[in-house]
Amino acid sequence: MTGGGTFPAVERACAELAGSAPAETVRVRRGPKTAVYRVRLADGRRVVVKLFAADTTHGAADEARLLAAVTAAGRVRVPVVIGHGPVPGLTVSALVTADAGTSTLGRAVRAGQIPRPAALLRLALLMAAFHSAKAPPGVPLAPGIGQQVSALAAQCPRQVFVRLGPALEVIAAGARLERLVWCHGDLHLENVICGGDRRLTVGEHGRSRLPDYLVDFEAATVEVPEYDLAQTLVTCDALEPSDRMFMAAAYGRPVDTRLLDAYVAFQAVRGWTYAARREGRDRDVWAARLHLALSPQPGRTVL
């Protein structure tokens, strides 16, 4: 992230948007367009500050609107928004939310607190709950699949992109408006904060909801459910046929397995192109995902 992704930016954001100076600041992660910090304020509150670069297409105001819409839908928990807006004197915007906790599903799995199948089950249930909410009108959403394919074609090496041809044909044939849902776009083990109570709770209007908190809505979009499910399978390294069948069953809503396989190939190529090739992140991990997603395997639909 460029242009102010530093602790002074966090200090100004906290003073302007939360009304208190930070007493302790820990950087959680930093990327090309965003940076996230966990902060204990001088008044004792614990918050999370997310900074957005000026040239990003999804800023603090967009994320705040999405969080408000998810809260209004009442099906999934999200952190409470404390404030958002431009950081004075800097070319970044900031979103300040209440700290929902430090234990992600990924951390819980690594610590042996939650078995991996149980974590994947919780992801599938969260996804089904999120997909049941209607996407709000007027909320900025990510580009549709057509724009994503065009952008990918400009970045992906041709010898890899051409292997997507059969998958893209399946995706084009499966684009039915009546099946569109509101997708998170990046639902994986690190974007779920474990709730303290594992039981279902009742939200507004008597709707039940899961205890976990869902974060990071930068990739939110409206697409068919297989788009979101495939992204989760790829980023969670759940690409074996048994994992795909387990997640589809746990999701509990109709799934087109041929379309899911096509989207798995698309999401793997897209992730490899942007994360591994363009940003140089996790190259070996993405190479393995790309191989599994594009190679024929027993029990999987052949594209």
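**Figure 1. Helices H8 and H10 pack against each other at about 55°.** Welcome to this predicted model; the tour starts with a pair of helices. Helix H8 covers residues 225–235 and helix H10 covers residues 257–278, and their axes lie 8 Å apart. With an angle between 65 and 35 degrees excluded from both the parallel and perpendicular classes, H8 and H10 are therefore oblique to each other. Their crossing is right-handed. On the H8 side, look for Glu 226, Tyr 227, Leu 229, Ala 230, Gln 231, Leu 233 and Val 234. They meet a set of H10 residues made up of Leu 259, Leu 260, Tyr 263, Val 264, Phe 266, Gln 267, Ala 268 and Arg 270. Sorted by character, the residues of this contact between H8 and H10 are eleven nonpolar, two polar and two charged.

**Figure 2. Helix H4 also meets H8, with the axes crossing at roughly 155°.** Here the partner of H8 is helix H4, residues 116–131, and the two axes come within 11 Å. Which way do H4 and H8 run relative to each other, roughly parallel or roughly antiparallel? An angle over 145 degrees counts as roughly antiparallel, and H4 and H8 therefore fall into that class. The crossing of H4 and H8 is right-handed. H4 brings Leu 123, Met 127 and His 131 to the contact, while H8 brings Pro 225, Asp 228, Leu 229 and Thr 232. The residues of the contact of H4 with H8 comprise four nonpolar, two polar and one charged. Leu 229 may look familiar, as this residue of H8 also takes part in the meeting with H10.

**Figure 3. Five strands form an open sheet with antiparallel pairing.** Following the strands across the sheet gives the order E1-E2-E3-E5-E4. Strand E1 (22–30) and strand E4 (81–86) are the edges, each pairing on one side only. From one strand to the next, the twist averages 20°. As background, strands of a sheet pair through backbone hydrogen bonds, either parallel or antiparallel.

**Figure 4. A closer look at the sheet shows E2 paired with E1 and with E3.** A hairpin of three residues links E1 to E2. These two strands pair in the antiparallel sense over seven bridges. To find your place, start at Thr 25, whose bridge partner in E2 is Val 39. Strand E2 (residues 34–41) also pairs with strand E3 (residues 46–53), in the antiparallel sense and over seven bridges. Here Arg 38 stands opposite Val 48 in E3.

**Figure 5. Helices H1 and H2 lie against the sheet.** Helix H1, residues 7–18, lies across E1, E2, E3, E4 and strand E5 (92–98). The direction of H1 runs at about 60° to E2. Helix H2, residues 60–73, packs on the sheet as well, touching E3, E4 and E5. The direction of H2 makes about 30° with that of E5.

**Figure 6. Val 269 sits in helix H10.** Is this residue buried or exposed? Val 269 has a relative accessible area of 0% and is therefore buried. Setting aside its neighbours within four places in sequence, Val 269 is in contact with Leu 152, Cys 156, Val 160, Leu 164, Leu 290 and Leu 294. Val 269 and Ala 293 are 24 residues apart in sequence, and their C-alpha atoms are 8.3 Å apart in space.

**Figure 7. Asp 237 and Asp 282 are loop residues with positive phi.** Asp 237 lies in the loop between H8 and helix H9 (241–251). Its phi is near 55°, a positive value in a residue other than glycine. With a relative accessible area of 42%, Asp 237 is partly exposed. Asp 282 is found in the loop between H10 and helix H11 (283–294). The phi of Asp 282 is positive too, at about 45°, although this residue is not a glycine. Asp 282 has 47% relative accessibility and so counts as partly exposed.

**Figure 8. Gly 74 lies in the loop between H2 and E4.** How does this loop residue count, as buried or exposed? The relative accessibility of Gly 74 is 5%, so it counts as buried. Gly 74 and Phe 130 are 56 residues apart in sequence, while their C-alpha atoms are 9.4 Å apart in space.

How values were computed: Residues numbered from 1 in each chain as written. Predicted model: local features only at pLDDT ≥ 70, side-chain atom pairs only at ≥ 80, totals over all residues. Heavy atoms only, no water. Axes fitted to C-alpha atoms, helices over the stretch in contact; angles between N-to-C directions. Helix = DSSP H or I, 4+ residues; strand = E, 2+ residues; numbered from the N terminus. Parallel < 35°, antiparallel > 145°, perpendicular 65-115°, else oblique. Left-handed = near helix turned anticlockwise from the far one by under 90°. Contact = heavy atoms within 4.5 Å. Nonpolar A, V, L, I, M, F, W, Y, C, P; charged D, E, K, R; others polar. Pairing = 2+ DSSP bridges. Buried < 20%, exposed > 50% of the residue type's maximum accessible area, 1.4 Å probe, protein only.
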